[in-house]
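Biologist: Please take me through the reasoning behind some labels. I would like each value set against its cut-off.

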Amino acid sequence: MNDGNEHQISSMIVPVWISHEHNPELEKLTYALLDDQSDTTFVSQETLNHLNVSGPKTQLSLSTMHAENELLPSQRIKGLRISDVMHRKVIQLPTSFSCIAIPARRQQIPCPEMAKKWPHLRDIASHLIHPQNDIEVGLLIGSNCPQAIIPREVIPGQQNEPYAQRSDLGWGIIGNVTKPTENNDESSVAIVHRVTTRNPTSTNTPQRKTCYFAIKPTVKEVINPAQLCQMLELDFSERRSSEPSMSQDDKKFLSKMDQGAYQEEGGHYVMPLPFRELVPKMPNNNNDPEVKTNVLVTQVTSRSFSTIPERLEYFSDWHRAKRAVAVIVRFQRRWKKSHLRPDEAPISSTTEYQASNVEERLQAEVAIVKQVQEQAFSKEIQTLRSMQKPDSGQDDVRRRKAVMKKTSLLHRLDPFLEGNVPRNCWRMARIEEAYTDEDGFVRKVKLVMSDPSLNRKGERVRAKSVLERPIQKLVLLLKCDGGATNLDPQLADACASHSRTPAKSVGGNEGISIRIYSDDREKIDEAWKELRRKMRQNIHERIINNDVIKNFTDRDLEKLHELERDNDVKIKVDKSKGMVTIEGCIADIANMQGRIDKILKDIKDNESKVPDYWDNSPTDKKFRKISVPTSSKEYKDIETAFHKTAPNQIARIDRIQNGEIYGLYNLKRQAMMRKFGSNFAGKELMLFHGTSVENIEKINSGGLNRNFAGKNGTKFGKGVYFARDASYSCDTKYSPPDSQGLRYMYYARVLVGDYTQGKSDMPVPPNKTPANTYETYDSVVNNPAKPTIYVMFQDYEYYTEYLITFK
């Protein structure tokens, strides 16, 4: 804002990139005025034109204290978003309104020169850009977008000094950026940007589609009687609308259009005549002699038809045409009889009309067809009549077909009689042979046909004829009593392309084969869809999710398949997801789910059990370290196993009780027990594992870590090593002494399962057979015949139950 060159005001105007969410690549750099005194966001029409954005049209009612209301056109814009110059922050703008221009002057845009004039603002000079003349102020952001105008950082000044403010869109300077003088305390021109949006509603009037905006400028207060009256009358001022008024005829026209216009099936719109009354009122002119003369005098014109096709063109209904032609044929027949037999009475014109019967209508159909054929195939009929009269032999039929083939396409209809057999009355034949195409379907057969004519001796007049005919239609013949039909397998296979057979169910249950036969493919598809719909209505699906399923063994799966066969359901098991899917009837699914839940519960109960000799007193720790009494049998058994190969002195034995780790181990143990069944003996062993004092707490809390496998060598594989003999683990390489000379060794439960010879480069156990990649060994050893070292490759296949401290 300038008043000459002595007074310069800076506003919170920052450069931003503006775009639309439908086309984010199209951006425009513009200045945005951040005004927290306005509650609406405006965007200039020039900016919208650059972005190719438009919105629903509306009207803004602008009101000031010294101006009357004025309706201005605008658009409601949604989907705009802005970002700072460096594209570090993107902000979604609320619903905005278009305007011709934003009321801000370019002199109000902060620039580096303004900041350099004031010592407390010099630090932000590098964050400001020089005003660009080709960039307009195209955006006004109000308090309805607080994310854009909220101050993130403020640099205040002294009294009457400008201050700086940083938002998410950048820095700005607010205030008078020139040194104040005694004569320019107030500016002669003042512009404010406070805009209030309100939707005027009333309980008595319908809601309008017009938004009213009131701009409230701040000026020097001068109160006089005229202004006071104007202010008091402002609340009762009448708004002038620019909408044109409608007459009663216009309203009546629009009402008839709304109630009577409709769209036909073909897409055309039909509307009533607006000014035509439903019941027109006409003047009564029956007494007018001229009208009476025109009404009484009728001119009757007769119309003659030379041919039946002309009559068909006149009649629009086929049944009416048949009745009319039947009457004509009847009178024609009577006329012929009257001329052939003069003694009969002539046909009187007053003969009473009688309705035609069925036989007469059939004769009328034949007459109509003959007349149509004589006109449509006049050349073909003339050709046939010009030829020698056939003797009903096969050679003559072939000759006539050859001639007709050269002159017309009518030969495709085979319009010749063979013998005395009427057209569409075929003789019965027997299928001697069926020919199969490359795709396996029968489309041509060999027929043996015979002439039913016999001589006086009862012998056939002609020999049997053999024909090859393509199959055009297959009909499945059923017995009257509903029994099965003995259909030729080759002919049944011909219907394979028109049959539907559902896939067999998984799990060993043999499905029911369903074949649908018809001469119409669409009917087969409709029947198949209806069958599938009925099946879907009665077949339901239920999913069971449980982590126990991930450890199902082959024996568990076999048990599920046995239940599947016994309960007429379909079961799918996905071990990787821990999911079982049951498909079948609701009753069968409920029964099967109960049985599966019981199986899962039994497995879970066995997994959650801890040894009976554990101390089950409550504790807040993840694991407990219980000292085993030296006089107990538990202590003596461990001591015996240790001293069997190691002469070292045992200082103490502690039992490690970690319920979480043991539960995971027991999960593997139960799965292996189900896998081996009665052969589980010898698959779980108590083995030794040496360690150092630094690793004891980690092992007691989380178990052995396979990431440290190979620290002391990987001679038989890259896994965790256990020894049968305590003397092997007593080596200082595996159990080094601590500062007090004590050494440590675990006595662990290990699920060795099936094992084989180990090698140094093995990351996992090998397959039992090369063909079966799903069945692998459980562990590897140093000598399968007499193993003393076992290598494990999977977590929780071992549990370090006892810690032996020895010297």
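Biologist: Which residue in β19 does Tyr 435 stand opposite?

Modeller: Tyr 435 stands opposite Lys 444 in β19. Keep in mind that this is a predicted model.

Biologist: How do you know that β18 and β19 are paired?

Modeller: Two strands count as paired if there are at least two bridges between them. β18 is joined to β19 (residues 442-449) by 7 bridges, so the pairing condition of at least two is met. The two strands run antiparallel.

Biologist: What is the strand order of the sheet?

Modeller: The order is β18-β19-β20, an open sheet of 3 strands with antiparallel pairing.

Biologist: Why do β18 and β20 stand at the edges?

Modeller: β18 (429-436) and β20 (465-470) each have a single partner strand, so each has one side without a neighbour in the sheet. Neighbouring strands here are turned against each other by 25° on average, direction ignored.

Biologist: Next, the cysteines. Why are Cys 99 and Cys 145 called buried?

Modeller: Buried means under 20% relative accessible area. Cys 99 has 16%, so Cys 99 is buried. Cys 145 has 4%, so Cys 145 is buried as well.

Biologist: How many disulfides are counted?

Modeller: The count is 0 disulfides. The rule asks for a pair of cysteine sulfur atoms within 2.5 Å.

Biologist: What makes the phi of Asn 52 worth a remark?

Modeller: Most residues other than glycine have a negative phi. Asn 52 is not a glycine, yet its phi is positive, about 55°. Asn 52 lies in the loop between α1 (45-51) and β5 (57-64). Asn 160 also has a positive phi, near 65°, and is in the loop between β11 (153-155) and β12 (163-167).

Biologist: Are Asn 52 and Asn 160 buried or exposed, and why?

Modeller: Exposed means over 50% relative accessible area. Asn 52 has 67%, so Asn 52 counts as exposed. Asn 160 has 63%, so Asn 160 is exposed too.

Biologist: Which residues make the nonpolar surface patch of about 260 Å²?

Modeller: Met 246, Phe 253 and Leu 254 make the patch. Phe 253 is in helix α5 (residues 248-260).

Biologist: Why is Phe 253 called partly exposed?

Modeller: Its relative accessible area is 32%. Buried would need under 20% and exposed over 50%, so Phe 253 falls in between and is partly exposed. Patch residues need over 30%, and the 32% of Phe 253 therefore passes that cut-off.

Conventions. Residues numbered from 1 in each chain as written. Predicted model: local features only at pLDDT ≥ 70, side-chain atom pairs only at ≥ 80, totals over all residues. Heavy atoms only, no water. Patch = residues over 30% accessible without salt bridge, like charges linked within 9 Å, V, L, I, M, F, W, Y side chains within 5 Å. Areas by Shrake-Rupley, 256 points an atom, 1.4 Å probe, with all protein chains shown as cover. Salt bridge = Lys/Arg side-chain N within 4 Å of Asp/Glu carboxyl O. Helix = DSSP H or I, 4+ residues; strand = E, 2+ residues; numbered from the N terminus. Buried < 20%, exposed > 50% of the residue type's maximum accessible area, 1.4 Å probe, protein only. Axes fitted to C-alpha atoms, helices over the stretch in contact; angles between N-to-C directions.
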